[in-house]
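Open the structure in your viewer and keep the selection panel at hand. We will go from single residues out to the whole chain.

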Amino acid sequence: MPYNKILTVQDISCFGQCSLTVALPILSAAGQETVILPSAVLSTHTAGFSGYTFRDLTDDIPKICAHWQKEGIHFDAVYTGYLGSAKQIGYVKELIAKTGGEKVVTFVDPAMADNGKLYPGFDLAFVDEMKKLAFGADFILPNITEACYLVRKEYKEVYDETYIDGLLESLKRAGAKNIILTGVGYTPETTGVVVLDENGKSYYKHKKISRGSHGTGDVYASAFVGAHMNGKSAYQAAKIAADYTVRCIEGTVDDDAHRYGVKFEPALPYYIDLLK
Ligand code: PXL
């Protein structure tokens with residue numbers, strides 16, 4: 001198994017099972033050295049809660065970066081998720097330029113929107129900065145809403161393959177290299193992921209579980225990064241991440257009180273098996 005040093009930049013939502021509290025354990029389970037840089041600290045994730053605290057760590061990033069440069073610290077991969085401010089996105093770009101190793105692989109999950117809407121606190125100025133980060137990355141992992149924001153296309157609840165192909169084409173034209181588009185379903189009972197990479201377009205369809213859960217995009221992206229950095233192709237990694245995420249949701253749906261993230265921990269042995 002390749003052992004890589006992966007930096008992940010996203011928030012700590014203390015309660016809620018998303019962002020760093022899932023990325024770190026999943027990448028560790030994938031056998032990867034995982035370096036974390038918290039973009040912000042929140043008491044909970046923003047969806048489904050009100051009155052959460054939010055400490056923005058934007059101003060810490062250049063200082064942390066300067067120290068890492070002084071220490072000669074470099075990364076094999078950088079994976080970004082939920083970022084705290086538009087200004088922070090610029091700092092993250094600099095951080096990648098300064099600490100990315102020669103062959104650094106970059107993954108951007110533009111975690112900013114879902115179900116046709118931006119998350120609370122984000123605006124179009126944030127989206128404009130996110131475009132610069134996303135279109136410079138090796139891999140982007142948007143859901144359909146995020147993809148629409150990145151290329152200013154109309155979001156549709158119900159769509160067909162022509163609409164998805166148009167979205168992929170716009171992302172490509174805007175500069176996207178490899179695209180992992182999540183939450184793409186053409187029938188009511190299924191959803192799936194479209195992969196567009198140097199091998200062309202492929203689609204992995206899987207079961208759709210009707211109850212929505214928070215943080216599944218973060219579970220998915222972390223599992224994808226862990227699998228790809230283990231040498232799996234983009235399609236294999238997309239399939240492994242989908243199978244693992246479905247297992248996590250299945251393990252959560254029957255618990256009505258668990259209405260935040262998913263119970264990803266009991267399914268980690270299954271993820272490790274999928275990586276073999
Ligand atoms: O799961 C995405 C995410 C990450 N971090 C925070 C969030 C969300 C989604 O709502 O609020 C703080």
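A residue counts as buried when its relative accessible area is under 20%. Keep that cut-off in mind. The model is a predicted one.

**Stop one: the cysteines.** Select Cys-18. Is Cys-18 buried or exposed? Its relative accessibility is 5%, so Cys-18 counts as buried. Now select Cys-65. At 6% relative accessibility, Cys-65 counts as buried because it falls under the 20% cut-off.

Next, look for disulfides. How many are there? The count is zero. For Cys-18, the nearest cysteine sulfur belongs to Cys-14, and it is 10 Å away. Show both side chains and check that gap.

**Stop two: the fold.** Switch to cartoon. The protein chain has nine helices and 11 strands. Turn on contacts next. Among contacts with a separation of 6 or more, 68% join residues 24 or more positions apart.

**Stop three: the whole chain.** Zoom out. The C-alpha atoms fill a box of roughly 55 × 45 × 40 Å along the principal axes. The radius of gyration is 17 Å, which agrees with the value near 19 Å for a compact globule of 276 residues. Of those 276 residues, 54% count as buried.

**Stop four: the surface.** Show the surface. The accessible area of the protein chain is about 12100 Å². Carbon and sulfur atoms hold 53% of that area.

**Last stop: charges.** Colour the charged side chains. There are 28 positive and 33 negative ones. How far apart do the centres of the two sets lie? They are 2 Å apart.

Terms used
Residues are numbered from 1 along each chain as its sequence is written. This is a predicted model: local features need pLDDT of at least 70, side-chain atom pairs count only at pLDDT 80 or more; totals for chains, interfaces and linings use all residues. Side-chain values use heavy atoms; hydrogens and water are left out. Helices (H or I, at least four residues) and strands (E, at least two) are DSSP runs, numbered from the N terminus. The radius of gyration is taken over C-alpha atoms; the globule rule is 2.2 Å times the number of residues to the power 0.38. Buried means under 20% relative accessible area, exposed over 50%, partly exposed in between (1.4 Å probe, protein chains only). Contact means heavy atoms within 4.5 Å. Accessible areas come from the Shrake-Rupley method with a 1.4 Å probe; for residues, only the protein chains shown count as cover. Lys and Arg count as positive and Asp and Glu as negative; His and the chain ends are not counted. The place of a charge is taken as NZ of Lys, CZ of Arg, CG of Asp or CD of Glu. A disulfide is a pair of cysteine sulfur atoms within 2.5 Å.
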